[in-house]
Amino acid sequence: MSKKSLLYFILILSLTCCKKPYNPPVITSTNSYLVVEGVINSGGDSTTIKLSKTVNLNAQTTVNPLPGATVVVENDQNATWPLAGDGAGNYTSPGLNLSAGGNYRIHISTPDGKQYISDYQPIKPTPPIDSIGYTTDSKGVNLYVNAHDPANNTHYYLWEYNEGWIFHAQYDSNFIADESTGTIIPRQSSQQIYYCYGTDVSSHILLTSTAKLSQDIVYQSPLVSIPYNSEKLEVNYLIYLKQYALAPDAYNFYLNLQKNTEQLGSIFDAEPSELQGNIHNMNNAAEPVIGWISVTNVQVKKFYMPGGQLVPAGTVVNYPADCEADSALYSNKQGYDDVQNILINPPYTDDPINQITKGLAVLGYTYSSLICTDCTLRGSKQLPWFWK
């Protein structure tokens, strides 16, 4: 074998035989840090603080709530307001109506005996939301918010939202299998499963700053974009928007959090930076704690949108499943009773849609799978709390 051939052989061997899995320490680390979400609501609305713990990158779950803690709002005059836990990591108090001249913080006692406090913060008043609107383009509907502070004192804004929409199943099941009689009967209005409510919450950090503007005016700051083929635009849509005023250091915290979680993945994105929150372990200042506690009143506004009127004609809705309707006859070509075998007998994986008739005789029913006929598998018939 020539020297050149030998070199090629060694190169190929090194590329194919020397691969070893690399598990960086961050993946296998046993550390689990406290995560604190929420604000101290200084007004008449409730205050909710959510506690959780971080999980490893290779963990099977991404949600790790922390129940069993004690959470108290404190001021610099030793007054306290306890928050009640719900057993799922959420701690809530009715309206606190805090005095404007005080400074406030959160005091957390975790089940393992650790004590955490946030830095004292003064109340940062939040101005009202002026309006919510939308624009349309070739792809869909884009919602935005307008706000301003006539006192020119806010400059830093944060938004969160709940959204709800009415959607329908792909097929309207007008009949139902009656297990007690073993027959197909008309579906009553109380058994309707065609229209449902869908809900979601904001999943991105929504921020803006007017600090470099001559006036404290927010104009058409983007909230959410909805494609035309989304089920959210089938009938009606509602957004319930919450607005918070931030101090400059709080804004910088959320801006860094946004960069670390939403703007990574390409060579042109910023490198991750360490998050410096305002919550600390009282006995171990070096322990990382993720979160920032602000003190402000929360401004809210609802916006209804007739989604079905905004969708261009001919738009095909992107349903979550490929749905087709089939036929079940009382007597098929082989003489079998498909209605009994498919629609009446367990395991009830399909719903009848409409009758198949010949004159006055009912020959059978059209049907489809439950995911295509039962909207409650993906939504709820109960009106969302923020829709009322």
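Modeller: A disulfide is a pair of cysteine sulfur atoms within 2.5 Å. The model is predicted: local features need pLDDT of at least 70 and side-chain atom pairs pLDDT 80 or more, while totals for chains, interfaces and linings use all residues. Residues are numbered from 1 along each chain as its sequence is written, and side-chain values use heavy atoms, leaving out hydrogens and water.

Biologist: What makes cysteine 323 and cysteine 372 a disulfide?

Modeller: Their sulfur atoms are 2.0 Å apart, and the cut-off is 2.5 Å, so the pair qualifies. Cysteine 323 lies in the loop between α4 (307-310) and β23 (326-329) and cysteine 372 in helix α6, so the bond ties together parts that are 49 residues apart in sequence. Helices (H or I, at least four residues) and strands (E, at least two) are DSSP runs, numbered from the N terminus.

Biologist: Why is the disulfide of cysteine 323 and cysteine 372 called left-handed?

Modeller: The torsion about its S-S bond is about -90°, so the disulfide is left-handed.

Biologist: How many disulfides are there by this rule?

Modeller: The count is two. Cysteine 196 and cysteine 375 form a disulfide as well, again with 2.0 Å between the sulfur atoms. Here the torsion is about 65°, so this disulfide is right-handed. Cysteine 196 is in strand β15 (residues 195-201) and cysteine 375 in the segment after α6, so parts 179 residues apart in sequence are tied together. With bonded cysteines counted along the chain, the pattern is 1-4, 2-3.

Biologist: Why does cysteine 323 count as buried?

Modeller: Buried means under 20% relative accessible area, exposed over 50%, and partly exposed in between (1.4 Å probe, protein chains only). Cysteine 323 has 14% relative accessibility, so it counts as buried. Its partner, cysteine 372, is at 1% and is buried too. In the other disulfide, cysteine 196 has 2% and is buried, and cysteine 375 has 0% and is buried.

Biologist: What makes asparagine 78 exposed?

Modeller: Its relative accessibility is 72%, so asparagine 78 counts as exposed. The residue is found in the loop between β4 (70-75) and β5 (80-85). Its phi is near 70°, a positive value in a residue other than glycine.

Biologist: Why is tyrosine 348 called partly exposed?

Modeller: At 28% tyrosine 348 falls between the two cut-offs, so it is partly exposed. Tyrosine 348 lies in the loop between α5 and β24, and its phi, near 55°, is positive as well. Proline 347 is also in the loop between α5 (338-344) and β24 (350-358). The peptide bond from proline 346 to proline 347 is cis, with omega near 20°.

Biologist: How do you know that glutamate 163 and lysine 232 form a salt bridge?

Modeller: A salt bridge is a side-chain nitrogen of Lys or Arg within 4 Å of a carboxyl oxygen of Asp or Glu. For glutamate 163 and lysine 232 the N to O distance is 2.7 Å, so the pair meets the rule. Glutamate 163 is in strand β12 (residues 156-168) and lysine 232 in the loop between β17 (217-227) and β18, 69 residues apart. Glutamate 163 is buried at 2%, and lysine 232 is buried at 17%.

Biologist: What else does lysine 232 do in the model, and how do you know that its charge sits over a ring?

Modeller: Lysine 232 lies over the face of tryptophan 165, at 5.0 Å from the ring centre. The rule asks for NZ of Lys or CZ of Arg within 6 Å of the ring centre and within 35 degrees of the ring normal.

Biologist: Why is the pair of tyrosine 157 and tryptophan 159 called stacked?

Modeller: Rings of Phe, Tyr and Trp (its six-membered ring) pair if their centres lie within 6.5 Å; planes under 30 degrees apart count as stacked, over 60 as edge-to-face and the rest as tilted. By this rule there are 14 aromatic pairs. For tyrosine 157 and tryptophan 159 the centres are 5.9 Å apart and the planes at 10°, so the pair is stacked. Tyrosine 157 is buried at 0%, and tryptophan 159 is buried at 1%.

Biologist: What makes the pair of tyrosine 240 and phenylalanine 386 tilted?

Modeller: Their centres are 6.2 Å apart with 35° between the planes, which is neither under 30 nor over 60, so the pair is tilted. Both tyrosine 240 and phenylalanine 386 are buried.
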